Amino acid sequence: MKILIVDDERMICEWLQFCIQSYPGCELAGCAHNGEQALSIFKENEADVVFTDIKMPLMGGLELLKEIKKLNPRTIVILLTAFADFDLVREAIRQGGDDYLLKTEMNQQSFQEMLSKLELQIKRAGTKEVRGETESTGQQHSIISDILRKDGPLEEDDIRQLRDCNIRWRDGGLFSIAVWKQDLMKDFVLPQNACVRHVASFEYDRYTYVIIGNLARDLTELKKNQILYEYASAIVLNNGCMAGVSTITDRLCNVPDAIVQAVYGLGMGYYEGKIKVWQAKSSGSEIRKKESKWESVFRKKRRELYDVQGDKFYGRTEETMEEARNDTGVPISGFTSFCCDAMEMAYMRFAEEDAQLMHHMLLEEKSRVYRTTDYAEARCKVLEFIRNVLAYQDVDERRLSKGVSAAVDYVRKHYSEAISLEMVSQEVHLNPEYLSRIFKEEVGCTYSAFVSEIRLKKAAYLLSHTTERVQKIGEAVGYPNVSYFSTTFKKRYGVNPYEYRRGE
């Protein structure tokens, strides 16, 4: 089985090469770092399987996919993506992509299992004609996902398409269970139950995985509900995870509502933080109305954050997060998007700096908020980041004279540089001695203490949230001499930067 690797990240390419070379029966057809280079290699050394990144320079994965399928429709193309961008993935699947992998969820064992399945698939296919008789797993997945995520009841044509994708179900005893996608990466197992038959499963969104099932015939309504709860409880117990479960429906056309209920139930667990079975009692239409309402709420709250000053920005963000929590079940996607927008807005409006480390921290914290499945953890990360960005924004600028206000603003923008009182005095057109005196009177501390506190708070945050070297962090906040940085830091926090990072 000949494999071509295409990714603009060299570390990803090296890791994939290692996995492929350690798997018997696999041959590396080549490795490319953009679509144009990959297409050239493919024309010279045609591969059975192509693993390609979606976003690349010169030629992206979607365009490469089209060109490869023109040259040989039998070639299996697996799309790689570093984030759960399902709209882009679905477009790739529609254009002939066979499947996809999230880079963040790959490990050597799962990748080699995929290689084993691909090898078996190629052997079974044999010829182009046989290969064309059935749709790929990826195409089926896309069709199933698109249909079952509809806003409203299924139509006859929807049900027919699902049956064409080998979805075999019947009216009566239909239900849905939702779990967090990240829980599937931990040896997730479904319990065995003679009264439960699995119908389908798919990724609902970047956070959630949905399972659809049928209960056995000839059961009373009471018994059906009892079995469903026991089954969902077994999932929770066996895997140590939350589960959202729908009510039972007897009509195929209502399965999308059951899915919405299960996802909503899981959202209830997100806000409460308890590992148990969560069942939504609201109907699918009621849940959709709530989702629509909160889309409008989040838009309004974002606009408000553009207008409030630093001293109120933190409070408004916290209030919105608490409102969402109190109205349990607010869509997680909308909630986390608001949180990440608030962090980015705080950075853009109030950080007033070009420090690469802080910008890197913004990206890292946004990624963590998107990944977490717990409201309390998301709240802590968001508010801590904003609190750090707003360091010394709590100075009541209404009480500051024009000169001191300008000095405070200059320090916030240039604290990472070597800024003396004399330099700032020139910038704000005041005598250094006069500025020193009124600065302390109005701000409540000396100029040097103000600068030092901003620098050290930034340093403490970076030490806690990054793995950057201590010397680099010191330089980033205005202490190019690591020895002086360490001494100054210890005076403020009682331990040196290395001990602070270790939590001593």
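Which residue's side chain does that of Asp157 meet in a salt bridge? In this predicted model, the partner is Arg160, and the two side chains come together with an N to O distance of 2.7 Å. Asp157 and Arg160 are 3 residues apart in helix 8, which spans residues 156-164, and because of this spacing they are separated by about one helical turn. Asp157 is partly exposed, its relative accessible area being 39%, and Arg160, at 43% relative accessibility, also counts as partly exposed.

Arg160 has a further partner in Asp164, whose side chain meets that of Arg160 in a salt bridge of 3.0 Å, N to O. Here too the pair lies within helix 8, with Asp164 and Arg160 4 residues apart, about one turn of the helix. Asp164 has a relative accessible area of 51% and is classed as exposed, a value that falls just on that side of the boundary because exposed means over 50%.

From helix 8 the description moves to the later helices of the chain. Helix 10 (residues 255-272) and helix 11 (residues 284-307) pack with their axes 8 Å apart and at an angle of about 55 degrees, and the two helices are therefore oblique to each other. The crossing that helix 10 and helix 11 form is left-handed. On the side of helix 10, the contact is made by Pro256, Asp257, Val260, Gln261 and Tyr264, while helix 11 contributes Gly284, Ile287, Arg288 and Lys290. Sorted by class, this contact of helix 10 with helix 11 comprises 4 nonpolar, 2 polar and 3 charged residues.

Two of the residues in that contact, Asp257 of helix 10 and Arg288 of helix 11, reappear in a network of salt bridges, in which they are linked together with Asp151.

Helix 11 is also joined to the helix that follows, through a salt bridge in which the side chains of Arg316 and Glu304 meet at 3.8 Å, N to O. Arg316 belongs to helix 12 (residues 310-326) and Glu304 to helix 11, so this pair ties together parts that are 12 residues apart in sequence. Arg316 is partly exposed, with a relative accessible area of 31%, and Glu304 is likewise partly exposed, with a value of 23%.

The pairs described here can be set against the total for the model, in which the count comes to 23 salt bridges.

Methods:
Residues are numbered from 1 along each chain as its sequence is written. This is a predicted model: local features need pLDDT of at least 70, side-chain atom pairs count only at pLDDT 80 or more; totals for chains, interfaces and linings use all residues. Side-chain values use heavy atoms; hydrogens and water are left out. Axes are lines fitted to C-alpha atoms, for helices over the stretch in contact, and angles run from 0 to 180 degrees between N-to-C directions. Angles under 35 degrees count as roughly parallel, over 145 as roughly antiparallel, 65 to 115 as roughly perpendicular and the rest as oblique. A crossing is left-handed if the near helix is turned anticlockwise from the far one by less than a right angle, and right-handed if clockwise. Contact means heavy atoms within 4.5 Å. Ala, Val, Leu, Ile, Met, Phe, Trp, Tyr, Cys and Pro count as nonpolar, Asp, Glu, Lys and Arg as charged, and the others, Gly among them, as polar. A salt bridge is a side-chain nitrogen of Lys or Arg within 4 Å of a carboxyl oxygen of Asp or Glu. Buried means under 20% relative accessible area, exposed over 50%, partly exposed in between (1.4 Å probe, protein chains only).
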